[in-house]
Amino acid sequence: GYSTEQQLTNWSSTHSAIPSRLYEPKSSQEVVRVLQHFHEKKKKIRPVGTALSPNGIGMSNSDEDCMISVANLDQISVDTSAMTCTVGAGITVSSLLAELKKHGMTLENFSSIQEQQMGGWTQVSAHGTGIKLPPVDEMIVDMQIATPAEGILSLSETKQSSIHPLVSRDLFRMCKVGLGSLGVVTEMTLKCIPSLDLVEKTTIKTRN
């Protein structure tokens, strides 16, 4: 499915686009078919999430360009024994946190704004906080990425794949923060931590 003449604007209103078509596939295989179509036609298509980025990385450059959204890929499954969750790239951070809370789990790192889609949020390596709390892409242990020439690639931090192990590890590292240029992320498995309560303490001091 797709829609036409949709004006998209990022959150800070610094960039906008009116793509020729905005595709909204409902499965990973549909994502592949869209990419293959554009690959064969030698035309551009850009993945876009909730358009939070102030630099407009997901916005099309011209009215002839098209865009693809994975918002419909919002499935989630939780493995409490392994302390992991497997999610579609289109699920929002807020929806994922709400589901994890039911299982006494949470993400190691997230921002005050939680309406980003997981695919875009991790692709830009958001929000590292100090040496002991790395950027959010470091939570990914497995991922699937849709490509026009190779179909769905399954990449992992530890598991073997059909690709040569050394190539697979390098590809995994690159695709975790591919900015949408290496393919479209459709699914990922993330490490989680037990839920915790934060206590805020406020003190007021004078200069004396």
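This passage walks through the overall make-up of a predicted model and then looks at one of its strands, two unusual backbone angles and a surface patch.

A good place to start is the chain as a whole. The protein chain contains four helices and 13 strands. Its length is 208 residues, and 38% of these are buried. Contacts also reach across the sequence: of those between residues at least 6 apart, 58% join residues at least 24 apart. The surface that the protein chain exposes amounts to about 12300 Å², with carbon and sulfur atoms supplying 51% of it.

Among the strands, β8 offers a helpful way into the fold. Strand β8 spans residues 84–88, and four of its five residues are buried, so the strand is largely enclosed by the rest of the structure. Strand β7 (residues 76–79) runs antiparallel to β8, and four bridges join the two. Within this pairing, serine 77 has threonine 86 of β8 as its bridge partner. Strand β12 (residues 184–191) also pairs with β8, again in the antiparallel sense, over five bridges. Here glycine 88 is matched with glutamate 187 in β12. Strand β8 thus has pairings with β7 and with β12.

The turn that leads into β8 deserves a closer look. Strands β7 and β8 form a hairpin with four residues between them, and methionine 83 in this hairpin takes a positive phi near 55 degrees. Most residues other than glycine have a negative phi. Methionine 83 has its positive value although it is not a glycine. This methionine lies in the loop between β7 and β8. With a relative accessible area of 23%, methionine 83 is partly exposed, because that value falls between the 20% limit for buried and the 50% limit for exposed residues.

A positive phi is also found at lysine 42, again near 55 degrees and in a residue other than glycine. Lysine 42 sits in the loop between α1 (28–41) and β5 (45–47). Its relative accessibility is 76%, so lysine 42 counts as exposed. In short, methionine 83 is partly exposed, whereas lysine 42 is exposed.

Finally, the surface itself carries a nonpolar patch. Val124, Val177 and Leu179 make up this patch of about 220 Å². One of its members, valine 124, is located in the loop between α3 (118–123) and β10 (140–147). Valine 124 has a relative accessibility of 42% and therefore counts as partly exposed.

Conventions: Residues are numbered from 1 along each chain as its sequence is written. This is a predicted model: local features need pLDDT of at least 70, side-chain atom pairs count only at pLDDT 80 or more; totals for chains, interfaces and linings use all residues. Side-chain values use heavy atoms; hydrogens and water are left out. Patches are made of residues with over 30% relative accessible area and no salt bridge: like charges are joined within 9 Å, nonpolar side chains (Val, Leu, Ile, Met, Phe, Trp, Tyr) within 5 Å. Accessible areas come from the Shrake-Rupley method with a 1.4 Å probe; for residues, only the protein chains shown count as cover. A salt bridge is a side-chain nitrogen of Lys or Arg within 4 Å of a carboxyl oxygen of Asp or Glu. Buried means under 20% relative accessible area, exposed over 50%, partly exposed in between (1.4 Å probe, protein chains only). Contact means heavy atoms within 4.5 Å. Two strands pair if DSSP finds at least two bridges between them.
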